[in-house]
Amino acid sequence: MGGVLCKSSSSVSVVDGPAYNEAPPRVARDRWMGYVKAQAPGAGELRLGGRSDAVFLPGTHDAGVYDCNGLLELVKEHFAKAQEYDFAEQLASGVRIFDLRVDVDGGGFRFKHGPVGGFRFKHGPVWGDATVADLIAALASFYSNPARLDEIVVLDFTHWGDGMGKADSPQDTAGAVHYQRLAEEFIKHPVLGPLLAKRREAVNTSLKHFWDAGTPIALSFHFDNIGALATDDKVWSGSDIFAFGWCGTRYWPNTDDPKKMAKRLTELATMHHGDGKVWPMLCVLTPQVKGLKGIEDQVPAAHAELWDRLAPGKVWWTEANMMMVDFFPPRLADLAVEVNLERAAKKSGAGKGPVDNHEE
């Protein structure tokens with residue numbers, strides 16, 4: 001199936017579309033940001049958010065929902081599973097922003113595509129089998145290689161399950177206990193704790209800030225009672241650094257039509273983002289209840305629009321900040337290298353290119 005990640009028992013491969021394999025990536029994907037830093041003097045001036053001077057980061061939508069085993073496995077795989085790669089493979093493939101949706105499941109945290117165990121990940125109401133412990137282990141292993149310390153990673157905890165309490169209620173002190181415990185999973189970790197960047201405003205945060213401080217990880221919680229966390233200097237406030245509506249529905253195309261999705265994303269790309277906040281683009285198609293197509297079935301169409309519009313001179317190439325996708329294709333990391341080299345060159349005055357602002 002063109003554009004869909006295919007995973008075997010021994011390795012991970014990808015079919016990214018015709019002619020993609022004609023040229024190998026110019027740099028190893030697990031170290032692509034370090035390459036941009038070394039090659040482009042203006043790279044450090046790119047900022048976490050904003051528009052004309054924003055970095056372009058490739059990311060995964062529902063990053064924690066790659067493993068849906070157990071009860072109703074087929075239904076989960078069809079309508080909830082959003083990634084093929086696990087966390088370690090996502091990092092190695094060049095993913096640098098993770099959309100994470102978590103809930104409490106027993107004594108820990110899990111991820112969902114919709115509730116979560118320990119802390120587990122979800123997609124909507126559906127539990128995945130990945131846990132926050134899996135994410136932490138993957139990050140610790142990734143950063144154990146000093147050559148990867150220039151790889152800036154944004155961990156964006158966007159959605160919370162019912163077990164986490166009310167994220168938007170300053171009076172929810174019981175819920176704050178869960179957030180505190182989740183934060184401490186990272187802060188007290190011997191490898192990751194020292195790598196967590198101190199909270200700042202996105203508009204004032206350049207890549208150079210991360211690199212100079214030697215703290216490449218931004219841990220972001222969309223939790224309005226951020227001041228209730230005793231260790232809040234290591235937890236970024238998602239509502240402060242991300243554009244308004246990101247953890248809601250404003251940036252969600254909510255369609256199974258690839259052309260409508262692309263039109264909506266182009267509208268977002270041409271909006272004014274003068275406040276310098278981080279703004280993601282969700283290049284995803286949403287299965288409709290009336291149909292039988294699942295998430296993976298629609299990936300080729302979504303990726304086809306991505307390859308067509310994320311091209312030199314087009315709006316997505318020049319304006320996009322964070323690009324989140326289902327079933328992450330490593331080709332997106334290769335394009336991130338080229339996008340950021342061009343943006344860094346403009347920051348240093350080395351060149352400018354034409355922009356097509358009339359995409360349909």
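Asp62 lies in the loop between strand S3 (57-60) and helix H2 (73-79). The model is a predicted one. Phi of Asp62 is near 50°. That is a positive value, and the residue is not a glycine. Asp62 is also buried, with a relative accessible area of 1%.

A second loop residue can be read in a similar way. Phe327 sits between strand S11 (322-325) and helix H11 (331-347). Its phi is near 45°, again positive in a residue other than glycine. Phe327 is buried, at a relative accessible area of 0%.

Now turn to strand S8. It covers residues 217-221, and five of the five are buried, so the strand is largely enclosed by the rest of the structure. In a regular strand, side chains alternate between the two faces of the sheet. In S8 both faces are covered. Ile217, Leu219 and Phe221 are buried on one side. Ala218 and Ser220 are buried on the other.

Which strands pair with S8? One is strand S7 (residues 153-160). S7 and S8 pair in the parallel sense, over five bridges. Across this pairing, Val154 stands opposite Ala218. Another partner is strand S9 (residues 236-237), joined to S8 by two bridges. S8 and S9 also run parallel. Here Ser220 of S8 stands opposite Trp236 of S9.

Next come the charged side chains. The count comes to 17 salt bridges. Are the partners Arg96 and Glu151 buried or exposed? Both are buried. Their closest N and O atoms are 3.1 Å apart.

Other salt bridges involve residues with more than 20% relative accessible area, the cut-off under which a residue counts as buried. Glu338 bonds in this way with Arg26, the closest N and O atoms being 2.8 Å apart. Glu338 is partly exposed, with a relative accessible area of 27%. Arg26 is partly exposed too, at 49%.

Asp212 and Lys208 form a salt bridge as well, with the closest N and O atoms 2.5 Å apart. Both belong to helix H6 (residues 207-213). They are four residues apart there, so about one helical turn separates them. Asp212 is exposed, with a relative accessible area of 55%. Lys208 is partly exposed, at 40%.

Salt bridges can also link up into a network. Asp30, Arg31 and Arg148 are joined in this manner.

Definitions and conventions:
Residues are numbered from 1 along each chain as its sequence is written. This is a predicted model: local features need pLDDT of at least 70, side-chain atom pairs count only at pLDDT 80 or more; totals for chains, interfaces and linings use all residues. Side-chain values use heavy atoms; hydrogens and water are left out. Buried means under 20% relative accessible area, exposed over 50%, partly exposed in between (1.4 Å probe, protein chains only). Two strands pair if DSSP finds at least two bridges between them. A salt bridge is a side-chain nitrogen of Lys or Arg within 4 Å of a carboxyl oxygen of Asp or Glu.
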